[in-house]
Amino acid sequence: MPLIDIQKLRKTFGSIVAVDGVSFSVEKGEVAGFLGPNGAGKSTTMRMLCCFLPPDEGTAVIAGNDILDDPVAVRKSLGYVAENVPLYNEMTTSGFLDFICDIHRVENRISALERVVESCALGKVLHQQIGTLSKGYRRRVGLAQAIVHDPEVLILDEPTDGLDPNQKHEIRTLIKKMAPDKAIVISTHILEEVDAVCDRIILIDRGRICADGTPEEVCRNGGGSLEQVFRNLTTLDSAEKGGKS
Amino acid sequence: MKNTWSIFKREVKGYFTTPLAYVYIVIFLVLSSFMTFSQYSFFERNVCSLEAFFQGMPLLMILLIPAVAMRLWAEERETGSIELLFSLPVTPTQAVLGKFFAAWSVIALSLILTFPMVITVYNLGDPDVGPIVTGYIGTFLMAGTYLAIGSFSSMLSKSQVIAFVMGVMFCFLFYIPGHPSVMNMVSGVLPGGMVNLGEMVSSESRFDSLRRGVVDFSDVFFFVALAAAWLWANIILLEERRAA
């Protein structure tokens, strides 16, 4: 059974359809790049997966638990970093990670904390207030928070947004290292990131999936490089829409 | 239960790593003493009791409790950390209760710190213990009720200022119907039943008997039930609107 199994998720905000019948599944060991232009519905889909937003229709099963029936069990087996990395700014990094361990009831807390502090390189800022951290460190604290309980499923919304090339490289290396025993979904609109870490592409535009497969498959079917495929599948649609209305 | 405790600990730390708890406690102590000695003339009464101290509590709490409560949800929603909180294995009930009890314990601390007032009356004479104990219990319960109202109001807006104003307004609505001046004014105009109803739902008149040392189960029940109702509404609202 796949670790992430999404069935016809749909979400509307008023008259706007943000996500329109999205279905896909991700197996253990897979890193899926969730690709699409801004406003395509990537973040909304991810928010539904971590049970923050309830879907209007459809459902998803994460690590054997349904997001509608048992959101708490879903969140136990899932690590999530939201797009703008919300954190508790008045806490110190160590106090914050301690709180997260508390909530997840992490056994063997000291070794879990040592592991994430090392892999996210947080040693220098452990006693610093989160509100005073740089963007790069904030991202890393967000990531540390998501992996401290060693979840089976990771959902990362633009994990390298706003990082410098060195930091991007570190995060990507970390993701690749964790990949074999997790199912990971990364949303991004940076195409080089897909080449760097993803072995599967799910292209979404205006709430609908328009391509799904390995990078090679998607390029072959779309006829061209990934960038061309991306532009063809997403801008063509919006031009068409503009023409009709 | 354990999650409620984790959230409780985090919130209490939050109150004390920011100036909020200190500012609240200092202002509460200053204003409560000021009201006792000047507004409610502690010395002129010539009675050795804390009646003057407790008399101003309902009004003072209306202004101060929403200030403690306003950050509870408005801040989470403003900074977006609510998305973090609800990507963790936490239920809305656990989150609401954890935050509520954290704020309530800060208020409890501020009440404990009024102990010099108790020492003062014991030095001046031989006060009746009953009204002092019930006065403190009543104040604590009333604060819990206002806090539940404030927590709910904090969910209404991302702006802490609006949350504060709404909180004060809702608390005031549960205060004013039983106020003596209002009672006198409306008793000639409205039918007796409505005046009694106003008295029944007013924190002022409910607190009044506790302050005098009379523990009526219905008064205690009033505060607890009202707090529970507002917290329940808070949980519903949180489920509905957390992403808005």
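This is a short walk through a predicted model of two chains, A and B.

Let me begin with confidence, since everything I say afterwards rests on a prediction. The model as a whole scores ipTM 0.88 and pTM 0.90. Chain A has a mean pLDDT of 88, with 96% of its residues at 70 or more, although residues 240-245 of chain A fall below 50, and that stretch makes 0 contacts in the model beyond near neighbours in sequence. Where pLDDT is low, the predicted coordinates should not be read in detail. Chain B averages 90, and 100% of its residues score at least 70; within chain B, the lowest confidence is in α12(B), with a mean of 79, and the highest is in α7(B), at 96.

Now to where the chains meet. How many residues of chain B are in contact with chain A? There are 19 residues of chain B in contact with 19 residues of chain A. On the chain B side, the elements that give two or more residues are α1, residues 2-17, and α6, residues 81-85, and the largest share, 6 residues, comes from α1(B). By character, that side of chain B divides into 6 nonpolar, 10 polar and 3 charged residues.

Turning to the inside of chain B, I would like to take two helix pairs that share α9(B). Two packed helices are described by the angle between their axes and the distance between the axes. The first pair is α7(B), residues 92-112, and α9(B), residues 129-154, whose axes come within 10 Å and cross at roughly 140°, which makes α7(B) oblique to α9(B). The crossing of these two helices is right-handed. From α7(B), the contact includes V96(B), F100(B), W104(B) and L111(B), and from α9(B) it includes Y136(B), F140(B), A143(B) and L147(B). Taken by type, the contact residues of α7(B) with α9(B) are 12 nonpolar, 3 polar and 1 charged.

The second pair is α9(B) with α14(B), where the axes lie 8 Å apart and the packing angle is about 15°, and the two helices are therefore roughly parallel. Here the crossing is left-handed. Among the residues making the contact are M142(B), I149(B) and F152(B) of α9(B), together with F223(B), W230(B) and L237(B) of α14(B). The contact of α9(B) with α14(B) divides into 14 nonpolar residues, 4 polar and no charged.

Two shorter helices of chain B deserve a careful look for how they are covered. Helix α5(B), residues 71-79, has 7 of its 9 residues buried, and the buried set consists of R71(B), L72(B), W73(B), A74(B), E75(B), E76(B) and R77(B). What covers them includes α2, α4, α6, α7, α9 and α10 of chain B. After α5(B) comes G80(B), with a positive phi near 85°.

Is helix α13(B), residues 203-211, largely enclosed or open? Because 7 of its 9 residues are buried, α13(B) is largely enclosed by the rest of the structure. The buried residues are S203(B), E204(B), S205(B), R206(B), F207(B), L210(B) and R211(B), and they pack against α3, α4, α9, α12 and α14 of chain B. After α13(B) comes G213(B), whose phi is also positive, near 95°.

Finally, two residues of chain A. F24(A) sits in strand β2 of chain A, residues 16-26. Why does F24(A) count as buried? F24(A) counts as buried because it has 20 C-beta neighbours inside 10 Å, and the cut-off for that label is 20 or more. Setting aside residues up to four places away in sequence, F24(A) touches I6(A), I202(A), I209(A) and D212(A). The C-alpha atoms of F24(A) and L122(A), which are 98 residues apart along the chain, are separated by 34 Å.

The other residue, C210(A), lies in strand β10 of chain A, residues 208-213, and is buried, with 21 other C-beta atoms within 10 Å. Leaving aside neighbours within four places in sequence, C210(A) is in contact with L203(A), I204(A), D205(A) and L233(A). From C210(A) to V17(A) the separation is 193 residues in sequence, and 16 Å in space from C-alpha to C-alpha.

Conventions: Residues numbered from 1 in each chain as written. Chains lettered and ligands numbered in written order. Predicted model: local features only at pLDDT ≥ 70, side-chain atom pairs only at ≥ 80, totals over all residues. Axes fitted to C-alpha atoms, helices over the stretch in contact; angles between N-to-C directions. Helix = DSSP H or I, 4+ residues; strand = E, 2+ residues; numbered from the N terminus. Parallel < 35°, antiparallel > 145°, perpendicular 65-115°, else oblique. Left-handed = near helix turned anticlockwise from the far one by under 90°. Contact = placed C-beta atoms within 7 Å. Nonpolar A, V, L, I, M, F, W, Y, C, P; charged D, E, K, R; others polar. pLDDT = per-residue confidence, 0-100. Buried ≥ 20, exposed ≤ 12 C-beta atoms within 10 Å, placed from the backbone.
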